[in-house]
Amino acid sequence: MPSGLVNLLNSLFKIRPEEAPRTGLAFVYLFAAIGAFIIGRIARTVLFLELPNYKEQLPLVYVLIAISVSTVMMAYARVERKLRRDRTNAITLVALIAGTLVFRFGIHTGNHLVYWGFYIWIELLGGFLVVQFWTLMNEIFNSREAKRLFAVIGGGGVLSNVVFGFGISNSVKSLGTENLLYALCLCMVVCLWMVRALGKNADTELTAALERKPQSGKSKAPPPQKIFASRHVMFIAGVVVLTYLVSTLVDYQFQVIVGDSIPGKDERSAYFGLFFGVTGILGGLVQFFITARLLERFGVLVSLILLPIAMLMGSAGLVAVPALLGLYAVSYTKGSENVLRYTVNDTTLQLLYLPLPTQVRSRAKAIIDGVFKPISIGIAGIVLALLVGQLDKMAGISLGFTMDVYQLSWVVGSALVGWIVVLLGLKREYV
């Protein structure tokens with residue numbers, strides 16, 4: 001690497017000369033991984049919207065996602081330490097590439113089950129790409145390096161939203177939505193290349209991490225009932241549950257309204273690409289220029305409450321004038337989530353774990369992230385199936401009424417008000 005570039009990186013981002021190669025490789029790895037997930041999310045959503053009764057089927061997919069992701073991740077957790085981390089990642093990437101190609105050719109059959117399977121597949125693919133990336137980073141970089149470099153590396157994900165969002169928006173009409181799966185596989189090939197390069201660059205650290213065995217008998221993780229005896233942890237769990245519950249409900253509204261408002265398949269892909277590009281730019285500005293200043297000046301409550309308030313404004317607009325502003329209102333609501341949740345909200349939420357003892361903290365995060373998140377998505381799917389009448393058709397379970405996609409905003413708004421109330425309680429516990 002040219003010395004001038006190294007000096008520039010050191011002065012701007014505090015990247016030391018010996019850290020520059022692996023930091024660059026990690027940046028490209030995350031850029032390609034997030035790019036693959038963005039492409040997959042757009043393609044799976046647009047293809048699913050081609051089903052004639054997608055409004056009734058989509059809630060059931062959310063339930064299957066909750067079951068599938070939690071089951072697969074628990075199984076993966078039992079075997080993921082058998083090999084060195086870079087080799088585990090490489091094997092997984094090969095499997096993900098092969099599976100995606102199978103779905104690409106399966107789309108031609110027109111079988112509805114292929115669309116269902118592909119929707120769930122992309123959720124699993126995204127989970128593996130993100131979890132494996134950050135797990136690998138935690139073994140390559142020590143804590144001091146991480147504090148300096150992870151913000152820079154994370155910029156790869158922010159840049160990816162912009163590049164792939166606008167790229168898809170401008171090219172999908174000539175490529176075709178189905179052929180986006182080849183671009184998805186190409187991104188994962190880049191990830192595989194970066195994994196191999198990082199494995200060579202950080203051979204010593206990765207070998208040491210594999211040989212490092214956890215100490216047994218000295219400190220046992222407290223059982224769940226002890227962890228959740230703390231009101232602070234219960235409030236954190238409540239915030240996470242409401243976040244994913246609302247997110248799933250709004251995701252359903254967003255997809256259905258886009259499906260109703262934009263008739264063509266490739267036109268829908270172009271709109272989703274534009275959406276990710278714009279929210280990527282806004283999210284980058286928030287992450288790099290606002291998040292730290294907001295936390296420093298106003299603290300955790302203001303930082304956390306911005307997201308539900310912004311989404312509540314969008315839901316109110318969706319109720320008030322659905323016929324005129326439906327697509328714009330739901331895009332604002334979903335866009336608020338994309339811009340604020342993965343920047344200010346997630347950063348602040350991690351701070352809430354800091355007052356907890358180390359063993360309680362790690363155990364609480366594992367249970368909340370591994371159990372409560374998928375359960376929340378599953379509950380949202382069941383609620384949606386009940387409200388749109390799908391459970392009545394399948395099992396005769398009915399509320400006596402159904403809601404259209406715009407009326408669902410009353411449910412979303414109620415959940416958002418509950419989210420704000422929980423945040424107010426969490427603020428008192430945190431202080």
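Let me start with one residue, F254: its relative accessibility is 3%, under the 20% cut-off, so F254 counts as buried. Please keep in mind throughout that this is a predicted model.

Where does F254 sit? It lies in helix 10. That helix runs over residues 231-261, which makes 31 residues. From the first C-alpha of helix 10 to the last is 44 Å, close to the 45 Å expected at 1.5 Å a residue. Helix 10 is mostly covered, with 25 of its 31 residues buried. At its start, a side-chain oxygen of S230 comes to within 3.2 Å of the backbone nitrogen of H232.

Now the rings. A pair of aromatic rings is described by the distance of the centres and the angle of the planes. The model has 11 aromatic pairs. In one of them, F254 meets F272 edge-to-face, at 5.5 Å centre to centre and with 80° between the planes. F272 belongs to helix 11, residues 265-289, so this pair links parts of the chain that are 18 residues apart. Like F254, F272 is buried.

How are the rings of F254 and F275 placed? Their centres are 4.8 Å apart and their planes stand at 40°, so this pair is tilted. Since F254 is in helix 10 and F275 in helix 11, the pair ties together parts 21 residues apart in sequence. F275 has 8% relative accessibility and therefore counts as buried too. Ring pairs join F254, F272, F275 and F276 into a cluster.

Two arginines also lie over rings. R341 is over the face of Y244, at 4.5 Å from the ring centre. R41 is over the face of F37, at 5.5 Å from the ring centre.

Next, the core. In soluble globular proteins, nonpolar side chains tend to be buried together. Here, the largest nonpolar core has 138 residues. The residues with the most contacts inside that core are Y29, F48, M137, Y252 and W419. Which helix gives the most to this core? Helix 2, residues 20-48, with 18 residues. Take Y29 as an example. Leaving aside neighbours within four places in sequence, Y29 is in contact with N89, L93, F133, L136, M137, C191, M194, V195 and L198.

Four of those names, C191, M194, V195 and L198, come up again among the buried residues of helix 7. Helix 7 covers residues 180-201, 22 in number, and reaches 32 Å from its first C-alpha to its last, close to the 32 Å expected. Its buried residues also include L180, L181, L184, C185 and M188. What covers the buried residues of helix 7? The cover includes helix 2, helix 4, helix 5, helix 6 and helix 8.

That brings me to T100, in helix 4, residues 85-106. Is T100 buried or exposed? Its relative accessible area is 0%, so T100 is buried. A polar contact of 3.1 Å joins its side chain to that of W121. Apart from neighbours within four places in sequence, T100 is in contact with W121, L125, L181, L184, C185 and M188.

To go back over the main points: F254 is part of a ring cluster with F272, F275 and F276, helix 2 gives the most to the largest nonpolar core, and T100 is buried in helix 4. That is all I have.

Key. Residues numbered from 1 in each chain as written. Predicted model: local features only at pLDDT ≥ 70, side-chain atom pairs only at ≥ 80, totals over all residues. Heavy atoms only, no water. Helix = DSSP H or I, 4+ residues; strand = E, 2+ residues; numbered from the N terminus. Expected span 1.5 Å × (residues − 1). Buried < 20%, exposed > 50% of the residue type's maximum accessible area, 1.4 Å probe, protein only. Polar contact = N/O pair within 3.5 Å; in protein donor to acceptor, adjacent residues only side chain to side chain. Phe/Tyr/Trp six-rings, centres within 6.5 Å; stacked < 30°, edge-to-face > 60°. Lys NZ or Arg CZ within 6 Å of the ring centre and 35° of its normal. Core = buried A, V, L, I, M, F, W, Y, C linked by side-chain atoms within 4.5 Å. Contact = heavy atoms within 4.5 Å.
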